[in-house]
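Trainee: Could you take me through the cysteines of this predicted model with some care, and then set them in the context of the side-chain pairs and the fold around them?

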Amino acid sequence: MGKKVLSCEFNIDTACVEVKYAEDSMISIDCTRMEKEFARNMYEASEPDWLVYNVPMNYVNLLLHGDIREYLKNVTEYHPFDSWYTTSAVRIKDAPHLSTFTAFDAAETIPNEFTHS
């Protein structure tokens, strides 16, 4: 029988996900250390971050009961900066209301979903 979880949340002050159980026990997972251990690049590092901020219990279950390397291999999308920059520059060129930005400035400050094609 598993332990009953009372709470599971990310503590921004310690950069840890803290799980508190009904029988007054607790585990604290150092997210920075886990990222350094498992993420091989910036793309893989963003996947666990999303879990930590949005569904920390799934993050804990993945670390305790799953295969995080396999998870990262299956869910990580690789978008090299060069391809993002090229796409953004083309979209910005076609958006007259963004004409005050250079392609480089806008590519750094405006995500793709806010540019108009």
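Mentor: Let us begin with the cut-off, since the reasoning about the cysteines rests on it: a disulfide is taken to be a pair of cysteine sulfur atoms within 2.5 Å. For Cys 16, the closest cysteine sulfur is that of Cys 31, and because the separation is 6.3 Å, the two are too far apart for a bond. Cys 16 is itself buried, with a relative accessible area of 10%. Cys 8 is likewise in no disulfide, and its nearest cysteine sulfur, which also belongs to Cys 31, lies 9.5 Å away. The structure as a whole holds zero disulfides.

To place these residues, it helps to have the overall layout in mind. The predicted model contains six helices and three strands, and along the sequence these follow the pattern β-β-β-α-α-α-α-α-α. Strand β1 covers residues 5-11, strand β2 covers 16-21, and strand β3 covers 26-30, while helix α1 takes in residues 31-38. Of the 117 residues in the protein, buried ones make up 30%. The protein exposes about 8,200 Å², and carbon and sulfur atoms supply 54% of that area. If one takes the contacts between residues at least 6 apart in sequence, 39% of them join residues at least 24 apart.

One of the residues in contact with Cys 8 is Met 57, which touches both Val 5 and Cys 8 when residues up to four places away in sequence are not counted. Met 57 lies in helix α3, which spans residues 56-65, and with a relative accessible area of 27% Met 57 is partly exposed. Its C-alpha is also 8.7 Å from that of Val 17, although Met 57 and Val 17 are 40 residues apart in sequence.

Strand β1 has a further link to the helical part of the chain through an aromatic pair, and the count of such pairs comes to one. The partners are Phe 10 and Tyr 53, whose rings are arranged edge-to-face, with 5.1 Å from centre to centre and 75° between the planes. Because Phe 10 belongs to strand β1 and Tyr 53 to helix α2 (residues 42-54), the pair ties together parts that are 43 residues apart in sequence. The two partners fall into separate accessibility classes: Phe 10, at 22% relative accessibility, counts as partly exposed, whereas Tyr 53, at 55%, is exposed. Another ring, that of Tyr 21, has the charged end of Lys 3 sitting over it, 5.0 Å from the ring centre.

The loops that join the strands deserve a word on backbone geometry, given that most residues other than glycine have a negative phi. Ala 15 is not a glycine, yet its phi is positive, at about 60°. Ala 15 lies in the loop between β1 and β2, and at 22% relative accessibility Ala 15 counts as partly exposed. Asp 24 also has a positive phi, near 65°, and its place is in the loop between β2 and β3. At 76% relative accessibility, Asp 24 counts as exposed.

Turning from the sulfur atoms to charged side chains, a search of the whole structure finds three salt bridges. In one of them, the side chains of Arg 69 and Glu 37 meet at 4.0 Å, N to O, and this pair links distant parts of the chain, with Arg 69 in helix α4 (residues 68-75), Glu 37 in helix α1, and their positions 32 residues apart. Both partners are partly exposed, Arg 69 at 43% relative accessibility and Glu 37 at 48%.

Another salt bridge joins Glu 44 and Arg 40, whose closest N and O atoms are 2.6 Å apart. Here the accessibilities contrast: Glu 44 is buried, with a relative accessible area of 1%, whereas Arg 40 counts as exposed at 62%.

The remaining pair to describe is Lys 73 with Glu 70, where the closest N and O atoms are 3.9 Å apart. Because Lys 73 and Glu 70 are three residues apart in helix α4, they are separated by about one helical turn. Lys 73 is exposed, at 54%, while Glu 70 is partly exposed, at 34%.

To return to your request, the cysteines form no disulfide in this model, and for Cys 16 the reason is the 6.3 Å that separates its sulfur from that of Cys 31.

Conventions
Residues numbered from 1 in each chain as written. Predicted model: local features only at pLDDT ≥ 70, side-chain atom pairs only at ≥ 80, totals over all residues. Heavy atoms only, no water. Phe/Tyr/Trp six-rings, centres within 6.5 Å; stacked < 30°, edge-to-face > 60°. Helix = DSSP H or I, 4+ residues; strand = E, 2+ residues; numbered from the N terminus. Buried < 20%, exposed > 50% of the residue type's maximum accessible area, 1.4 Å probe, protein only. Lys NZ or Arg CZ within 6 Å of the ring centre and 35° of its normal. Contact = heavy atoms within 4.5 Å. Areas by Shrake-Rupley, 256 points an atom, 1.4 Å probe, with all protein chains shown as cover.
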